[in-house]
Amino acid sequence: MAISVKWRFKFNAENGLLGNNRSVLSHLLSTFVEEKRNIVELKGIQEASLSISRLEEWQHGPQVLAYGAILICRMGKTTLRVNYKDWELFEGTVITVFPNDVVEIISGGRRVKDESLKARSEASPCDTNNVTDNLTRHPSSFTYDSSFQVEILRYSPSLLREASLQLEQTVYSSLREDRCRQNTPVVTRIIDSMFALLRVYFDQADCTCISQLVLCQLKAFFIGFHEYLQRNPQYRPDEVKSYRVRKLFNLFMMLMERDYKLSRDVNYYATQMNITPKYLTTIVRQVTDHTPKAIIDQYVILQIKMQLQRTSQSIKEIAWNYHFADTSFFCRYYKKHTGVTPQQERK
C-alpha cells in the first residue's frame, strides 16, 4: 500500500524563513551534510600549524574564521577587530581567537564607513530590521605597518572541542570576553615557552604526535589563563559597559553563530534572549556602534561567500540551506549586500 505524505510550507515574508516541518528537517539535513563536509576538509589539512605571519588574509575586509588560534605579536603594531571589538597589537601582545569569530585588520583606527554607519544609525534609532550598512561591500584601504609580524598557532575546531571537553563553560566564556593581554610579561613568557616547545616538534617532519601535543598545550593554556585572570582581577581590562550588557551581547553572538542559517530576523534573536528587539538594538549599538541587523547580514554574507568560493554546491542548494524563499530572492539579497550576484562571485 502506497503512503502519501503531504508537506505544507509557510513562508514568513519578514525574514525569508520557511516554517513548519521543512525548516526543522532541512536544518537538520544541512547541518549533517556540513559536518560531514567539514570532517572531509579537516582530513586534508594539518590539524595544527605554527608559523610567522603578517596576517595578510585578514587585511582585505572581515573574515569568518574556520579555525582557532593563539597569536603573539613579535614586532610592529596594528589594530585587530574581533567580533566588532578593536584590540591594539604590539610587541608581546597575546590574543586568542576562536572558530566563527569575525576578524579584520583595521590599522589606522576606525574605518570612515563605520563613522558614516553610526551617523545613519543614530538618524533612525528605532529601525531594527531595515538598516543596512556596507560592511561587506567597499573595504577601505590603509597603509599597514610593514614591520608587523605575529607568531600564530592555528588549530582545528576538532582540537578546540577536545581541549574544551573538561573545561567549565565559564572558562570558555571568560576567554572569549577577555581574549587579549597587553603589557603582561607573565602571559608573554607563557606563550613564548609554549611556542618554543611546540616549535621543536613542528620542525621534525616525521613527528606523528603534533595534534596530541597541541591539545595538551591548549588545555594547559586555557586553564592557566583563566586561573590567572581569577587571581588577578586588577589585570582585567576596564569596561565601560555593564556586565549585563556584555553578557547579553555575547549571548547574541553565540545565538547568531548557531542559527544564522535559520533566521536573519532581529525579532527571532530577541525572542531567544527574552528581551525586546529595541533593547537588543541598544545593547549591540553600545558594544559595536552597529545595529544587530547589520551584524547578522554581514555574518550571513561572509558565510555564503565562503560556501560560494570553497564548495561546489549549487546556488539553489545554498539558497535552500539558508532558508530563502527561492533562488531569485537569495540572489537579490546577496547582490544588495555585496554589489555582485552569487554567480559573479564564483567567476
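A crossing of two helices is called right-handed if the near helix is turned clockwise from the far one by less than a right angle. With that in hand, here are some close-up views of this predicted model.

**View 1. Helices α7 and α10 pack with a right-handed crossing.** Two packed helices are described by the angle between their axes and the distance between the axes. Here helix α7 covers residues 243–259 and helix α10 covers residues 292–310. Their axes make an angle of about 35° and lie 11 Å apart.

**View 2. The residues where α7 meets α10.** From α7, look for Phe252, Met253, Met256 and Glu257. From α10, the partners are Pro292, Ile295, Ile296 and Tyr299. Sorted by class, this contact holds seven nonpolar residues, one charged residue and no polar ones.

**View 3. Arg74 and Glu151 join strands β5 and β10 through a salt bridge.** The closest N and O atoms of the pair are 2.7 Å apart. Arg74 sits in strand β5 (residues 68–75), while Glu151 belongs to strand β10 (residues 149–155). In sequence the two are 77 residues apart, so this pair links distant parts of the chain. Is each partner buried or exposed? Arg74 counts as partly exposed because its relative accessibility is 25%, which falls between the 20% and 50% limits. Glu151, at a relative accessible area of 5%, is buried because that value is under 20%.

**View 4. Asp192 of helix α5 also reaches Arg74.** The side chains of Asp192 and Arg74 meet in a salt bridge, with 2.6 Å from N to O. Asp192 lies in helix α5 (residues 185–202) and Arg74 in strand β5, 118 residues apart, and again distant parts of the chain are linked. With a relative accessible area of 30%, Asp192 is partly exposed.

**View 5. Arg199 of helix α5 pairs with Glu151 of strand β10.** This salt bridge has an N to O distance of 2.9 Å. Because Arg199 is in the helix and Glu151 in the strand, the pair ties together parts that are 48 residues apart in sequence. Arg199 is partly exposed, at 31% relative accessibility.

**View 6. The salt bridges form a network.** Which residues take part in this network of salt bridges? Arg74, Glu151, Asp192 and Arg199 are linked in it. Within the network, Arg74 pairs with Glu151 and with Asp192, while Glu151 also meets Arg199. For the wider picture, the model has a count of ten salt bridges.

Conventions
Residues numbered from 1 in each chain as written. Predicted model: local features only at pLDDT ≥ 70, side-chain atom pairs only at ≥ 80, totals over all residues. Heavy atoms only, no water. Axes fitted to C-alpha atoms, helices over the stretch in contact; angles between N-to-C directions. Helix = DSSP H or I, 4+ residues; strand = E, 2+ residues; numbered from the N terminus. Contact = heavy atoms within 4.5 Å. Nonpolar A, V, L, I, M, F, W, Y, C, P; charged D, E, K, R; others polar. Salt bridge = Lys/Arg side-chain N within 4 Å of Asp/Glu carboxyl O. Buried < 20%, exposed > 50% of the residue type's maximum accessible area, 1.4 Å probe, protein only.
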